[in-house]
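Me: I would like to go through this model in short questions. Please show it, then we start.

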Amino acid sequence: MNYDSDVIIVGSGPAGAAAALQLAEKTKPLVLDVGITAAHKTSDQSYLTETLGTELQGLSHITGQYLSPKLRSPLFRYVTGHWRELSPIRSQNFRGELSLAMGGFANAWGSGLYEFDDEDLRGFPIQQADLQPYYKRLTEHIGISGGDKLFGDSIVSDGSLLPAVPLSGPSKNLYQRSRYPRASVSLERKGIHIGRQRLGILTRPHRGRPQYVFDGQDFFRPSKESIYHPGYTIRELQQCNKIDFKAGLLVKRFEESAEGIAVHAVELETGAEEVFWTRALLIGAGAINTARIVLQSFQEYAAKLPLLENPVSFIPFVELSALGSPLDRSSFTGAQLAVIFDGPQHRDRVQGSFYNLSGVLQSDFFLDFPLSTRANRYCLTNILGAMGVLQLFYSDAPGTAGYLSLAPDGTLNVHCEQRRYGAVEKILIKSFRALGFWSLPFLVRYGEPGGSFHYAGTLPMSRHETMKGLATDPMGRLQRSRMVFAIDASTFPLLPAKNLSLTIMANAMRIAAKLVL
Amino acid sequence: MSPKSPIPSSDSPANVKTSDLPQVEVQYLCRTIFGVEPSSATICRYAQFHDIYRTSLLTQKQIDVALLVDRNLDAEAIEFFLRTRRRKNTLTSKIWACAYFLEVQAVEDAASVPGLRRRQNNSAVTVMLMLGWLSLRTAFEWVKGALAVYRYNLA
């Protein structure tokens, strides 16, 4: 049998890129991907083109559905482009997005990169020690900046982190005040920990990629090489001739036989079907699209798979003493601080990211103040500089809140529910008040169903055969299959509140490393 | 605060109702609400916004902005009252779009005139006092808006 490659990887996001990085040590894998890339050059753009777009795409939320400022931004549109036509979803309430871009959703990510510790991996058939070597290698490969030891991880102590991104504005003040001895003891007692974010952002040159330049344009301009995304790894491996990469292909299904695995893909330009043969197939198309490929391959139209996502809430804070300060446009506009809550008021740890509001257009908040337009304009120029938003992520476990199934026409029926908590928000509001940051419970906003973009758990890892063989074993192998593996977050049986990207990558490397051809 | 200055009609015949033209609308909204003269680029962008989002604007509560312009009504008061009733209405959407265009205009102006964008810090106390006053003013605007909406049957 002539194989196109010993191993085929589907997808070039965090899972696909990390698996390719690992496999390139022993074979030359073939990566199949839709691989949409940025349509425009990212230099020489006018401010209008970057922020609103020549076709005013950045204003779509005024008359249509809400979309986060980054994904609405014209130069980031490619990240979520075409998924509705190519990966259709039918849903009453799903407000999420998928990505078919080269490098996946990570093209527009907040670049938070954290290890899962054993508490996070509770319910997984693997432990932190299984992932440890891959966390270490990825930290070196990506270049991760950060500082505090907030979690039970190892990369702080071994000195492999780059210096943390400099703090500015409200984030700086919040961090400094949380370090005062009395405040720090009080926060610890309540189970609140405030520390520096761990980010895939280069605070000094690293492996040929330049140091990050702070210009306040992170929400509008992609492809800065100093912010990592997996597309760089794919490109690097391709340049070294360690992988074959074919873009413009949408993988639909696979067939496994004694001869090997036939991977059926549609060439998007011509609409023709292409078949690729391989010994082993690693699917890293994202939790939702990986499930779609698996269900299509087994023609499973009755199965209902779980769908996990991190419920999200947003708490706006105002630092009263900083009212009247202008926005600092020369700082990092992503999340500068990590906030952890592990008090008894909630069953699992809750993780948050604290953002200054200097990154987006002021007009995004124009209607968020409950006053008339002139008063709101005053608020924009005099309050935004003193404001920060704490975005909280909650953990998720299989239940009735989220599930998906495949319709015979290839459309996925997706069900998601909005979940509102509130107890943790109240504690944080009260605790932050002591640090000079004010908010009120009625100002808390909750993310829409699917709006976290962190999807997982559709083909969960288990030591036992479950879900009629549609789950995976601890090596990510589909229980119904011999050499087909799911390598992305679809294999997570639970979804901790912690950012999952680094663990997706480490787990994909673990599966790839143990692959016996 | 109600708009006092009439819209100049130099670019159109005096007796023709021009207020339904996006160009006239944007000039009116920018002057009366933002106190800023829109640049020619802003006027073009507003017209473009009308063209691109024409269909989706039709799905919102329709407010006769032309009537506001023709009768020189207080757009700020009317918009605030309408927003408290139904946020998705065409007047709020158009004003929001103006806010974006004027923000871009400010950056473009700052790029051509160095130092224009620099702003003095206000003290926290000044801001808090100002917010108190603006809250009172907002309450007044709401009443004024409600009266105008019912008088001119705008909603």
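Reply: This is a predicted model. One definition comes up front: a patch is made of residues with over 30% relative accessible area and no salt bridge, and nonpolar side chains are joined within 5 Å.

Me: What is the area of the nonpolar surface patch made by A:Leu440, A:Phe442 and A:Leu443?
Reply: Take A:Phe442 as the test case. A:Phe442 sits in the loop between strand S17 (437-438) and strand S18 (445-446) of chain A. Its relative accessible area is 60%, so A:Phe442 counts as exposed. With A:Leu440 and A:Leu443, A:Phe442 makes a patch of about 290 Å².

Me: How is the size of an interface often given, and what is the area buried between chain B and chain A?
Reply: Interface size is often quoted as the accessible area lost when the parts come together. Here 48 residues of chain B are in contact with 43 residues of chain A. Carbon and sulfur atoms give 61% of the buried area, which is about 3900 Å².

Me: Which side chains meet in a salt bridge between chain B and chain A?
Reply: The rule finds 22 residue pairs in polar contact across this interface, both at pLDDT 80 or more. The salt bridge count between the two chains is one. At 3.7 Å, N to O, the partners are A:Arg374 and B:Glu76.

Me: Which helix gives the largest share of the side of chain B that touches chain A?
Reply: Several helices of chain B each supply at least two residues to that side, including helix H1 (22-34), helix H5 (75-85) and helix H6 (90-112). The largest share is twelve residues, and it comes from H6(B).

Me: Is B:Glu76 of H5(B) buried or exposed?
Reply: Nine of the eleven residues of H5(B) are buried, so this helix is largely enclosed by the rest of the structure. At its N-terminal end, B:Asp74 acts as a cap, with a side-chain oxygen 3.1 Å from the backbone nitrogen of B:Glu76. Among the residues listed for H5(B), B:Glu76 is buried.

Me: Which residue joins its side chain to that of A:Glu97 in a polar contact of 3.1 Å?
Reply: A:Glu97 is found in the loop between strand S3 (89-90) and helix H6 (128-142) of chain A. Its relative accessible area is 4%; the cut-off for buried is under 20%, so A:Glu97 is buried. Leaving aside neighbours within four places in sequence, its contacts include A:Leu67, A:Trp83, A:Phe105 and A:Tyr455. The side-chain partner at 3.1 Å is A:Arg84.

Me: How many Å apart are A:Glu97 and A:His82, C-alpha to C-alpha?
Reply: In sequence, A:Glu97 and A:His82 are 15 residues apart. In space, their C-alpha to C-alpha distance is 11 Å.

How values were computed: Residues are numbered from 1 along each chain as its sequence is written. Chains are lettered from A and ligands numbered from 1 in the order in which they are written. This is a predicted model: local features need pLDDT of at least 70, side-chain atom pairs count only at pLDDT 80 or more; totals for chains, interfaces and linings use all residues. Side-chain values use heavy atoms; hydrogens and water are left out. Patches are made of residues with over 30% relative accessible area and no salt bridge: like charges are joined within 9 Å, nonpolar side chains (Val, Leu, Ile, Met, Phe, Trp, Tyr) within 5 Å. Accessible areas come from the Shrake-Rupley method with a 1.4 Å probe; for residues, only the protein chains shown count as cover. A salt bridge is a side-chain nitrogen of Lys or Arg within 4 Å of a carboxyl oxygen of Asp or Glu. Helices (H or I, at least four residues) and strands (E, at least two) are DSSP runs, numbered from the N terminus. Buried means under 20% relative accessible area, exposed over 50%, partly exposed in between (1.4 Å probe, protein chains only). Contact means heavy atoms within 4.5 Å. Buried area is the accessible area (1.4 Å probe) that two parts lose on being put together, summed over both. A polar contact is a pair of N or O atoms within 3.5 Å; within protein, one must be able to donate a hydrogen and the other to accept it, and residues adjacent in sequence count only if both atoms are side-chain atoms.
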